[in-house]
Amino acid sequence: MSAALPAAQEIVKADRVAHVLVLKEVYLNGQGPFRMMVDTGAASCMIRPSVAKRLGLRPAYDVEHESLGGAKRVPDAVLDELRIGAIRNQGIEIIIADVSLPDVDGVLGQSWLLQHDYLLDYRGRRLVIDPMEPERGIREALRSSDGRPEIEVDVDGCRQELIVDSGASILVLFGQSPLAGQATLFTNGGSLEAGTGRARVMIGTRYTRLLPAAKVNASTTKGLLPAVAFASVYISNRTGVVVLVP
(Lines give C-alpha, C1' and ligand atoms only; values in the text may rest on other atoms or scores of the structure.)
Protein backbone atom coordinates (compact mmCIF):
# COMPACT_ATOMS: atom_id res chain seq x y z
CA MET A 1 0.00 0.00 0.00
CA SER A 2 1.37 3.42 -0.90
CA ALA A 3 2.01 6.07 1.73
CA ALA A 4 -0.80 8.48 2.46
CA LEU A 5 -0.69 12.01 1.12
CA PRO A 6 0.36 14.67 3.63
CA ALA A 7 -2.51 15.85 5.86
CA ALA A 8 -3.07 18.24 8.74
CA GLN A 9 -1.02 17.12 11.71
CA GLU A 10 -2.62 15.20 14.54
CA ILE A 11 -1.13 15.47 18.06
CA VAL A 12 -1.72 12.38 20.17
CA LYS A 13 -0.87 12.32 23.87
CA ALA A 14 1.00 9.25 25.08
CA ASP A 15 2.14 7.57 28.26
CA ARG A 16 5.89 7.11 28.68
CA VAL A 17 6.34 3.52 29.87
CA ALA A 18 10.03 2.81 30.44
CA HIS A 19 11.63 3.54 27.03
CA VAL A 20 8.48 3.42 24.88
CA LEU A 21 5.52 5.67 24.06
CA VAL A 22 2.10 4.09 24.57
CA LEU A 23 -0.97 5.59 22.90
CA LYS A 24 -4.05 5.28 25.09
CA GLU A 25 -6.84 5.78 22.56
CA VAL A 26 -6.42 3.59 19.50
CA TYR A 27 -9.59 2.24 17.87
CA LEU A 28 -9.55 -0.99 15.87
CA ASN A 29 -12.49 -1.85 13.61
CA GLY A 30 -14.59 0.70 15.53
CA GLN A 31 -13.85 -0.82 18.94
CA GLY A 32 -11.69 0.46 21.78
CA PRO A 33 -9.98 2.39 23.11
CA PHE A 34 -6.91 0.13 23.09
CA ARG A 35 -3.43 0.85 24.49
CA MET A 36 -0.80 0.41 21.78
CA MET A 37 2.95 0.95 22.04
CA VAL A 38 4.78 2.58 19.11
CA ASP A 39 7.57 0.36 17.76
CA THR A 40 9.42 1.64 14.70
CA GLY A 41 11.51 -1.55 14.70
CA ALA A 42 8.47 -3.78 14.17
CA ALA A 43 7.65 -4.55 10.55
CA SER A 44 3.98 -5.11 11.32
CA CYS A 45 1.36 -4.03 13.81
CA MET A 46 0.50 -6.61 16.48
CA ILE A 47 -2.38 -7.37 18.86
CA ARG A 48 -2.77 -9.89 21.64
CA PRO A 49 -4.89 -13.00 20.96
CA SER A 50 -7.44 -11.73 23.52
CA VAL A 51 -7.89 -8.51 21.51
CA ALA A 52 -8.27 -10.44 18.25
CA LYS A 53 -10.96 -12.56 19.93
CA ARG A 54 -12.77 -9.41 21.14
CA LEU A 55 -12.70 -7.99 17.60
CA GLY A 56 -13.83 -11.29 16.07
CA LEU A 57 -10.75 -11.03 13.85
CA ARG A 58 -10.03 -14.20 11.89
CA PRO A 59 -6.47 -14.89 10.70
CA ALA A 60 -6.08 -14.89 6.93
CA TYR A 61 -2.78 -16.82 6.90
CA ASP A 62 0.45 -17.36 8.87
CA VAL A 63 3.62 -15.30 8.43
CA GLU A 64 7.20 -15.59 9.62
CA HIS A 65 7.70 -13.16 12.51
CA GLU A 66 11.35 -12.30 13.20
CA SER A 67 12.74 -10.78 16.38
CA LEU A 68 16.02 -10.82 18.28
CA GLY A 69 14.85 -14.04 19.91
CA GLY A 70 14.43 -15.81 16.56
CA ALA A 71 11.72 -16.46 13.97
CA LYS A 72 8.37 -18.18 14.40
CA ARG A 73 5.13 -18.61 12.47
CA VAL A 74 2.26 -16.43 13.73
CA PRO A 75 -1.31 -15.74 12.52
CA ASP A 76 -1.74 -12.68 10.32
CA ALA A 77 -4.93 -10.71 9.66
CA VAL A 78 -6.08 -7.43 8.08
CA LEU A 79 -7.89 -4.70 10.03
CA ASP A 80 -10.75 -2.96 8.26
CA GLU A 81 -9.87 0.29 10.05
CA LEU A 82 -7.33 1.67 12.50
CA ARG A 83 -8.26 5.07 13.95
CA ILE A 84 -6.18 7.43 16.08
CA GLY A 85 -7.85 10.79 16.69
CA ALA A 86 -9.07 12.02 13.31
CA ILE A 87 -6.61 9.78 11.42
CA ARG A 88 -8.19 6.73 9.82
CA ASN A 89 -6.39 4.05 7.80
CA GLN A 90 -7.95 1.02 6.15
CA GLY A 91 -6.56 -2.41 5.31
CA ILE A 92 -3.79 -2.53 7.92
CA GLU A 93 -1.87 -5.80 8.22
CA ILE A 94 -1.65 -7.02 11.82
CA ILE A 95 -0.18 -10.14 13.41
CA ILE A 96 -1.71 -11.90 16.39
CA ALA A 97 0.80 -12.70 19.14
CA ASP A 98 1.62 -11.97 22.76
CA VAL A 99 3.30 -8.63 23.52
CA SER A 100 6.28 -8.47 25.88
CA LEU A 101 5.29 -5.16 27.50
CA PRO A 102 2.58 -5.65 30.15
CA ASP A 103 -0.59 -3.55 30.24
CA VAL A 104 -0.66 -2.87 26.50
CA ASP A 105 -3.02 -4.37 23.96
CA GLY A 106 -0.64 -4.37 21.03
CA VAL A 107 2.02 -2.70 18.92
CA LEU A 108 1.85 -0.01 16.23
CA GLY A 109 4.49 -1.07 13.72
CA GLN A 110 5.48 -0.21 10.18
CA SER A 111 2.35 -1.61 8.50
CA TRP A 112 0.67 1.51 9.96
CA LEU A 113 3.61 3.89 10.45
CA LEU A 114 4.60 3.73 6.77
CA GLN A 115 1.32 5.44 5.90
CA HIS A 116 2.49 8.66 7.58
CA ASP A 117 5.28 10.99 8.54
CA TYR A 118 5.56 11.15 12.33
CA LEU A 119 7.38 12.66 15.29
CA LEU A 120 8.14 10.67 18.44
CA ASP A 121 8.34 13.36 21.13
CA TYR A 122 9.74 11.73 24.27
CA ARG A 123 10.11 14.96 26.20
CA GLY A 124 6.53 16.04 25.44
CA ARG A 125 5.14 12.49 25.74
CA ARG A 126 3.27 12.57 22.47
CA LEU A 127 3.16 11.24 18.93
CA VAL A 128 2.63 13.84 16.20
CA ILE A 129 1.24 12.39 12.98
CA ASP A 130 2.07 14.15 9.68
CA PRO A 131 3.95 17.08 11.29
CA MET A 132 6.25 19.64 9.72
CA GLU A 133 9.95 18.77 9.72
CA PRO A 134 11.74 20.09 12.86
CA GLU A 135 13.83 23.19 12.31
CA ARG A 136 16.77 21.83 14.28
CA GLY A 137 18.37 18.45 14.80
CA ILE A 138 20.62 15.95 13.04
CA ARG A 139 19.22 15.46 9.53
CA GLU A 140 20.03 12.14 7.85
CA ALA A 141 18.85 10.26 4.78
CA LEU A 142 16.22 7.62 5.51
CA ARG A 143 17.35 4.20 4.36
CA SER A 144 15.20 1.08 4.44
CA SER A 145 15.32 -2.43 3.05
CA ASP A 146 12.19 -3.76 4.77
CA GLY A 147 10.17 -0.68 5.77
CA ARG A 148 11.95 -0.08 9.08
CA PRO A 149 13.81 3.27 9.25
CA GLU A 150 17.58 3.02 8.96
CA ILE A 151 20.39 5.58 8.98
CA GLU A 152 24.12 5.28 8.39
CA VAL A 153 26.26 5.92 11.48
CA ASP A 154 29.76 5.39 12.81
CA VAL A 155 30.00 2.92 15.72
CA ASP A 156 33.43 2.74 17.38
CA GLY A 157 35.03 3.82 14.10
CA CYS A 158 33.06 1.42 11.89
CA ARG A 159 30.46 2.66 9.37
CA GLN A 160 27.20 0.70 9.45
CA GLU A 161 23.46 1.05 9.07
CA LEU A 162 21.32 1.01 12.21
CA ILE A 163 17.53 0.73 12.50
CA VAL A 164 16.07 3.67 14.45
CA ASP A 165 14.09 1.53 16.88
CA SER A 166 11.60 2.95 19.39
CA GLY A 167 11.21 -0.55 20.82
CA ALA A 168 14.88 -0.79 21.85
CA SER A 169 16.06 0.45 25.24
CA ILE A 170 19.79 0.38 24.42
CA LEU A 171 22.06 0.21 21.39
CA VAL A 172 22.02 -3.36 20.03
CA LEU A 173 24.89 -4.55 17.82
CA PHE A 174 25.60 -7.86 16.11
CA GLY A 175 28.82 -9.83 15.69
CA GLN A 176 31.38 -11.51 17.90
CA SER A 177 31.16 -9.68 21.20
CA PRO A 178 34.23 -7.92 22.65
CA LEU A 179 32.06 -6.30 25.35
CA ALA A 180 32.97 -7.20 28.92
CA GLY A 181 29.60 -7.70 30.65
CA GLN A 182 26.85 -10.27 30.11
CA ALA A 183 23.08 -9.79 30.11
CA THR A 184 19.88 -11.41 28.87
CA LEU A 185 17.79 -9.52 26.31
CA PHE A 186 14.04 -10.16 26.37
CA THR A 187 11.96 -9.76 23.19
CA ASN A 188 8.54 -10.79 21.89
CA GLY A 189 10.23 -13.79 20.31
CA GLY A 190 12.07 -14.98 23.43
CA SER A 191 15.32 -14.22 25.20
CA LEU A 192 19.00 -14.38 24.25
CA GLU A 193 22.37 -13.76 25.83
CA ALA A 194 24.42 -10.69 24.92
CA GLY A 195 27.67 -8.99 25.83
CA THR A 196 27.22 -5.57 27.41
CA GLY A 197 29.25 -2.39 27.66
CA ARG A 198 29.33 0.99 25.92
CA ALA A 199 29.92 2.04 22.31
CA ARG A 200 30.71 5.41 20.78
CA VAL A 201 28.16 6.49 18.17
CA MET A 202 28.86 9.32 15.72
CA ILE A 203 26.08 10.61 13.43
CA GLY A 204 27.09 13.12 10.80
CA THR A 205 29.80 15.54 11.93
CA ARG A 206 28.06 17.13 14.93
CA TYR A 207 26.81 14.30 17.13
CA THR A 208 29.01 11.97 19.16
CA ARG A 209 27.81 10.06 22.20
CA LEU A 210 28.82 7.06 24.28
CA LEU A 211 25.75 4.80 24.56
CA PRO A 212 25.01 1.71 26.67
CA ALA A 213 25.24 -1.24 24.28
CA ALA A 214 24.56 -4.94 23.97
CA LYS A 215 26.19 -7.16 21.36
CA VAL A 216 24.66 -10.41 20.12
CA ASN A 217 26.59 -13.09 18.25
CA ALA A 218 24.99 -12.96 14.80
CA SER A 219 26.30 -11.92 11.42
CA THR A 220 23.33 -10.84 9.28
CA THR A 221 21.02 -8.71 11.44
CA LYS A 222 21.30 -4.92 11.40
CA GLY A 223 21.90 -3.12 14.68
CA LEU A 224 19.32 -1.09 16.58
CA LEU A 225 19.71 2.56 17.54
CA PRO A 226 17.35 3.34 20.46
CA ALA A 227 15.05 6.24 19.53
CA VAL A 228 14.73 7.04 23.25
CA ALA A 229 18.36 8.19 23.24
CA PHE A 230 17.04 11.43 21.68
CA ALA A 231 14.54 14.06 22.87
CA SER A 232 12.53 13.48 19.70
CA VAL A 233 12.77 11.59 16.43
CA TYR A 234 11.13 12.73 13.18
CA ILE A 235 10.70 10.29 10.30
CA SER A 236 9.39 11.34 6.90
CA ASN A 237 8.42 8.45 4.65
CA ARG A 238 7.35 10.95 1.96
CA THR A 239 10.67 12.80 1.64
CA GLY A 240 13.07 10.13 2.92
CA VAL A 241 14.42 12.09 5.89
CA VAL A 242 15.19 11.33 9.54
CA VAL A 243 15.76 14.18 12.02
CA LEU A 244 17.16 13.29 15.45
CA VAL A 245 16.86 16.01 18.11
CA PRO A 246 19.34 15.45 21.00
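User: Let me start with Leu120, which lies in strand β9 (residues 118-121). Is Leu120 buried or exposed?

Analyst: This is a predicted model, so read every value as computed from it. Burial is judged by relative accessible area, and under 20% counts as buried. Leu120 has 1% relative accessibility, so Leu120 counts as buried.

User: Which residues does Leu120 touch, leaving out those up to four places away in sequence?

Analyst: The list includes Leu21, Val38 and Thr40. Arg126, Leu127 and Ser166 are also among them. So are Ala227, Ala231, Ser232 and Val233. For a long-range check, take Val228, which is 108 residues from Leu120 along the chain. The C-alpha atoms of Leu120 and Val228 are separated by 8.9 Å.

User: Now strand pairing. In which sense do β1 and β10 pair?

Analyst: Look at the bridges and the direction. Strand β1 (residues 10-17) pairs with strand β10 (residues 126-129) in the antiparallel sense, over four bridges. One position to find is Glu10, which stands opposite Ile129 in β10.

User: How many bridges join β1 to β2?

Analyst: Four bridges join β1 to strand β2 (residues 20-28), and the two run antiparallel. Arg16 has Leu21 in β2 as its bridge partner. Leu21 also appears among the contacts of Leu120. β1 and β2 form a hairpin with two residues between them. In the turn, Ala18 has a positive phi of about 55 degrees.

User: And the side chains along a strand?

Analyst: In a regular strand, side chains alternate between the two faces of the sheet.

User: Next, aromatic rings. What describes a pair of them?

Analyst: Two quantities do: the distance of the centres and the angle of the planes. Here the count comes to one aromatic pair. The ring centres of Tyr207 and Phe230 are 5.3 Å apart and the planes lie at 35 degrees, so the pair is tilted. Tyr207 is in strand β17 (residues 207-216), while Phe230 is in the loop between β18 (223-226) and β19 (232-236). The two are 23 residues apart, and the pair links distant parts of the chain. Both Tyr207 and Phe230 are buried.

User: Which charged end sits over the ring of Tyr27?

Analyst: That of Arg83, 4.3 Å from the ring centre.

User: How many salt bridges are there?

Analyst: The count comes to twelve. Start with Asp15 and Arg35, whose closest N and O atoms are 2.9 Å apart. Asp15 is in strand β1 and Arg35 in strand β3 (residues 31-38), so this pair ties together parts 20 residues apart in sequence. Asp15 is partly exposed, at 24% relative accessibility. Arg35 is partly exposed, also at 24%.

User: What is the N to O distance between Lys222 and Glu150?

Analyst: It is 2.8 Å, in a salt bridge between the side chains. Lys222 sits in the loop between β17 and β18 and Glu150 in strand β12 (residues 150-155), so the pair ties together parts 72 residues apart in sequence. Lys222 is partly exposed, with a relative accessible area of 30%. Glu150, in contrast, is buried at 1%.

User: Which residues are linked in a network of salt bridges?

Analyst: Arg143, Glu150, Glu152, Arg159, Glu161 and Lys222. Within this set, Arg159 forms a salt bridge with Glu152, the closest N and O atoms being 3.5 Å apart. Arg159 is partly exposed at 47% relative accessibility. Glu152 is partly exposed too, with a relative accessible area of 29%.

Terms used:
Residues numbered from 1 in each chain as written. Predicted model: local features only at pLDDT ≥ 70, side-chain atom pairs only at ≥ 80, totals over all residues. Heavy atoms only, no water. Pairing = 2+ DSSP bridges. Phe/Tyr/Trp six-rings, centres within 6.5 Å; stacked < 30°, edge-to-face > 60°. Buried < 20%, exposed > 50% of the residue type's maximum accessible area, 1.4 Å probe, protein only. Lys NZ or Arg CZ within 6 Å of the ring centre and 35° of its normal. Contact = heavy atoms within 4.5 Å. Salt bridge = Lys/Arg side-chain N within 4 Å of Asp/Glu carboxyl O.
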